[in-house]
Amino acid sequence: MIKITKYLRVNVLTIALFVFCIIFNKADMLCVTYAVMILHELAHCLAAVCIGLKISHIDFYPFGVNLKLKNKLVYSLADEMILYFSGPFCNILFALIAMIVYSRYPNESVKFFYISNTMLFCMNMIPSVPLDGGILLKKIIAYRLGYNSANKIMTVISAVFSAMVMGLGIYVMYITKFNFSILLFSALMIGNIFTQSEKYNVDLTKTLMFNNKKKKSVRHIVVENECNYCDIVDKFIPKDYNMVYVVSDDGKVKDIITETQVIDKLTTEQVL
């Protein structure tokens, strides 16, 4: 990555892509595409600042723009939804504006701007992690059922939608005889399913640590003696206060661990 400014980094292949498009007179389309992606990420930046997060930098890749945050501590589900839906909302808003402008002043650049915003909105709202729609759905499921269940459910949902997008990509490539962009996108989606492994759940741990709202119910969790703390925290549900009962092989309760003790153990021993 080439550091342009404190907040901007550009991949070498991105520069090569621009050079390629300039040579073949496609630079205007590429600039519009990147403008749409920049608007998307700027909306995320604005939302992040509004909910108290700090921006690290923005990376420009050949096939996308990515916002990096210094901290990812979000205090509520509402803030999570604001953060992740802000990008797609920006795209659909500008798509509507472009549609109105095009209806009065027909222009191919405006038309492409409308199509690009619409496409980016539709792609990001696919319920597959790590897309915005997938992350939103995962956060909602996790809040109700716990992060362990959310991970399992989202893995299945992501696999189904990745297969559907791959099928569409194969069809488009067959019809156009060349356009493999959707097929490549589906490959990235499938690859993410097999690579998104975590030895701990940072999101859940932070939510439990900083969720100061009064919890109305207690969730009782039974684990075996050899169960580690990372596995235990995956069973927690943020909206409840979680109590853990450690049982021996003969079914007798050996220890009772509170939610606070689990979080303290994870943080003080740097399991995270």
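**Close-up views of surface patches and a salt bridge**

Lys54 lies in the loop that runs between α2 and β3 (55-61). The model shown in every view is predicted.

**View 1. Lys54 and the positive surface patch.** Four lysines, Lys3, Lys6, Lys54 and Lys70, gather on the surface in a patch of positive charge. Lys54 counts as exposed because its relative accessible area is 55%, and the cut-off for exposed is over 50%. The loop holding Lys54 connects α2 with β3.

**View 2. A negative surface patch that includes Glu226.** Glu224, Glu226, Asp249 and Asp250 form a patch of negative charge on the surface. Of these residues, Glu226 sits in the loop between β5 (218-224) and α9 (229-234). With a relative accessibility of 58%, Glu226 is classed as exposed.

**View 3. The nonpolar surface patch.** Ile2, Ile4, Val12, Ile15, Val19, Phe20, Ile23 and Phe24 make up a nonpolar patch on the surface. Together these residues have about 760 Å² of accessible area. Strand β1 (2-5) and helix α1 (12-23) each contribute at least two residues to the patch. Helix α1 gives the largest share, with five residues. Phe24 is placed in the loop between α1 and α2 (27-50).

**View 4. The salt bridge between Lys139 and Glu80.** One salt bridge is found in a search of the whole structure. In this salt bridge the side chains of Lys139 and Glu80 meet at 3.6 Å, N to O. The pair joins distant parts of the chain, with Lys139 in helix α5 (residues 132-145) and Glu80 in helix α3, 59 residues apart. Lys139 has a relative accessible area of 8% and is therefore buried, the cut-off being under 20%. Glu80 is also buried, with a relative accessible area of 8%.

**View 5. Confidence along the chain.** The mean pLDDT of the chain is 79, and 85% of the residues score at least 70. Among the elements of the chain, helix α3 (residues 77-104) has the highest mean pLDDT, 92. The lowest mean, 55, belongs to helix α8 (residues 202-210). Helix α3 is also the element that carries Glu80 of the salt bridge.

Conventions. Residues are numbered from 1 along each chain as its sequence is written. This is a predicted model: local features need pLDDT of at least 70, side-chain atom pairs count only at pLDDT 80 or more; totals for chains, interfaces and linings use all residues. Side-chain values use heavy atoms; hydrogens and water are left out. Patches are made of residues with over 30% relative accessible area and no salt bridge: like charges are joined within 9 Å, nonpolar side chains (Val, Leu, Ile, Met, Phe, Trp, Tyr) within 5 Å. Accessible areas come from the Shrake-Rupley method with a 1.4 Å probe; for residues, only the protein chains shown count as cover. Helices (H or I, at least four residues) and strands (E, at least two) are DSSP runs, numbered from the N terminus. pLDDT is the predictor's confidence in each residue, from 0 to 100. Lys and Arg count as positive and Asp and Glu as negative; His and the chain ends are not counted. The place of a charge is taken as NZ of Lys, CZ of Arg, CG of Asp or CD of Glu. Buried means under 20% relative accessible area, exposed over 50%, partly exposed in between (1.4 Å probe, protein chains only).
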